[in-house]
Amino acid sequence: MTIHISNITRSIASARVGEEILIRIRDELGKHDVITVDLIDVITITTYCAKQIFGQLYKDLGVSEALRRMRMINASADVKTAIRLGIDASLSKMDGY
Amino acid sequence: MPDIIIPKSITNTKIEDYLSSISEIFQNTDKHIPNIHLRFDKVIRISLLGQLLMFKTLEYGARNGCFEDAELSMSEELKREVKSTGIHRLLDDYLKGKLKDWFGKDTRLKHEYTDRFFIEPFRINRSEKADRGLSECLERVSDFYSQEDITISAIAKVLSELYSNFWEHATDDSGTIMGAKGSQESVEMVFVDTGQGILTSLRDVYNQTMCTLSQAVSKGITSKPGTNHMGYGLWHIREICKANKGWFQIFSEGRMYTLTNTGEAEKKCPYWHGTIVRVEMNPQNMQLPKSESVANRLSKIRWE
């Protein structure tokens, strides 16, 4: 199962849009063991939204499960950086991280 | 009360002069001063930022009871400039239809240049319309700088992080207004609001010692700790501007921060109730700041 983020938006910049994407990914994770998040044509993601979406997902699933169940493809260098920062910030206060 | 006389230039190097000329407006909240004459009739030059400031000044004054039935005079040059950006439509909200006599038919001037782009000023508030505005803005940037992926990423990062910051503080219907324009030589992005102001927001969290804009653009400083705000947005913009020898200016609550290709500085300046941000960069051969190193555990993310 592949979620094409650019079909929702190419600029992930507001909490409203971030919430929409988070709900969508959670829905698909509820139906499929492994999903692909395709970030092709996504121009940018704010650090806020990166934490809101991917930070929360990694928190929900735990690092090992998130790494196993979510495959991320076609992200630009800048989008990758923001997502990494968002995940790291979300997990940084968790025990064992 | 004397006339409020606006200087002849409201350009990027004359912002302090403009702020000085209108500062008394902020002191008259709910005083409903009668018979004020707002004299923009001497203005012969105005930048995009100047137009946003003009609009937000008038809107703040009207919405906050600073004056009652104020008269507004505008020079012909100013009317032409205001009409060319489309901001007269926002001004009309304040003047309740009076502008139609000044600008004639409400026909939008078409920006048909192929060597530049222009984003007509629009409001940032908690609406889908605002989100669409940003999306359209980024599409225009992407189309104009096509083939230049790093340029697009850098500009999009600045626009989106600023949008996100101002969106978070858009707690009323007035909201921030933003605009942008660009060419192969320069890209400029401007945001103006009359909200709480950066320093007040930070003091609420960090106590009275947090009183500079330089601290506000530092990594990890956020007015909303414990949320999805990480305090990286303004810092990241600063890093992008440094990497590309760009300009990054912030005016808020009597302080002014400036980053240029020669360094950073902060000083006192005339008061503005809210926050003003301007970023300008050369879009040629842009670079992104070096990537942050993050926890090694995240190196296993499957990027393909």
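Helices (H or I, at least four residues) and strands (E, at least two) are DSSP runs, numbered from the N terminus. The exercises below concern a predicted model.

**Exercise 1. Locate His32(B) and Lys245(B), give the sign of phi for each, and classify their exposure.**

Solution.
- Place His32(B). It sits in the loop between helix H1 (15-27) and strand E3 (33-34) of chain B.
- Read its backbone. Phi of His32(B) is near 50 degrees, which is positive, and the residue is not glycine.
- Classify it. Buried means under 20% relative accessible area and exposed over 50%, with partly exposed in between. His32(B) has 38% relative accessibility, so it is partly exposed.
- Place Lys245(B). Its loop runs between helix H10 (233-243) and strand E11 (247-252) of chain B.
- Read its backbone. Phi of Lys245(B) is also positive, near 50 degrees, in a residue other than glycine.
- Classify it. Lys245(B) has a relative accessible area of 61%, so it is exposed.
- Set this in context. Most residues other than glycine have a negative phi.

**Exercise 2. Check the span of helix H2 (residues 47-61) of chain A, then describe its bend and burial.**

Solution.
- Compute the expected span. The rule is 1.5 Å times one less than the number of residues. For the 15 residues of H2(A) this gives 21 Å.
- Compare. The end C-alpha atoms of H2(A) are 20 Å apart, which agrees.
- Look for a bend. H2(A) bends by about 30 degrees at Gly55(A).
- Count buried residues. Eleven of the 15 residues of H2(A) are buried, so the rest of the structure largely encloses the helix.
- Name some. Among them are Tyr48(A), Cys49(A), Ile53(A), Phe54(A) and Tyr58(A). Gly55(A), the site of the bend, is buried too.
- Step past the end. Just after H2(A), Gly62(A) has a positive phi of about 85 degrees.

**Exercise 3. Describe the interface of chain A and chain B.**

Solution.
- Count the residues. 42 residues of chain A are in contact with 36 residues of chain B.
- Give the area. The two chains bury about 3500 Å² between them. Carbon and sulfur atoms carry 60% of that area.
- Find the charged pairs. The rule finds two salt bridges across the interface.
- Inspect a salt bridge. The side chains of Arg16(A) and Asp131(B) meet at 2.7 Å, N to O.

**Exercise 4. Which residues have the most contacts inside the largest nonpolar core, and which helix gives its largest share?**

Solution.
- Size the core. The largest nonpolar core has 79 residues.
- Pick out its best-connected members. Ile25(A) and Phe248(B) have the most contacts inside it.
- Find the main contributor. Helix H7 (residues 149-168) of chain B supplies ten residues, the largest share.
- Turn to the other core. A second, separate core has 42 residues, including Ile22(B), Leu49(B), Phe55(B) and Tyr60(B).
- Return to Phe248(B). Leaving aside neighbours within four places in sequence, its contacts include Val217(B), Leu234(B), Ile237(B), Tyr257(B) and Val279(B). Polar or charged names also occur among these contacts, including Arg238(B), Thr258(B) and Arg278(B).

**Exercise 5. Are Met72(A) and Gly133(B) buried or exposed, and what separates each from a distant residue in sequence?**

Solution.
- Take Met72(A). It lies in strand E5 (residues 70-73) of chain A. At 0% relative accessibility, it is buried.
- Get its separation. Met72(A) and Ile35(A) are 37 residues apart along the chain, with C-alpha atoms 8.7 Å apart.
- Take Gly133(B). It belongs to helix H6 (residues 128-144) of chain B. Its relative accessible area is 12%, so it is buried.
- Get its separation. Gly133(B) and Lys267(B) are 134 residues apart in sequence and 33 Å apart, C-alpha to C-alpha.

Technical notes. Residues numbered from 1 in each chain as written. Chains lettered and ligands numbered in written order. Predicted model: local features only at pLDDT ≥ 70, side-chain atom pairs only at ≥ 80, totals over all residues. Heavy atoms only, no water. Core = buried A, V, L, I, M, F, W, Y, C linked by side-chain atoms within 4.5 Å. Buried < 20%, exposed > 50% of the residue type's maximum accessible area, 1.4 Å probe, protein only. Contact = heavy atoms within 4.5 Å. Bend = angle between axes of the 7 residues up to and from the residue. Buried area = accessible area lost by both parts, 1.4 Å probe. Salt bridge = Lys/Arg side-chain N within 4 Å of Asp/Glu carboxyl O.
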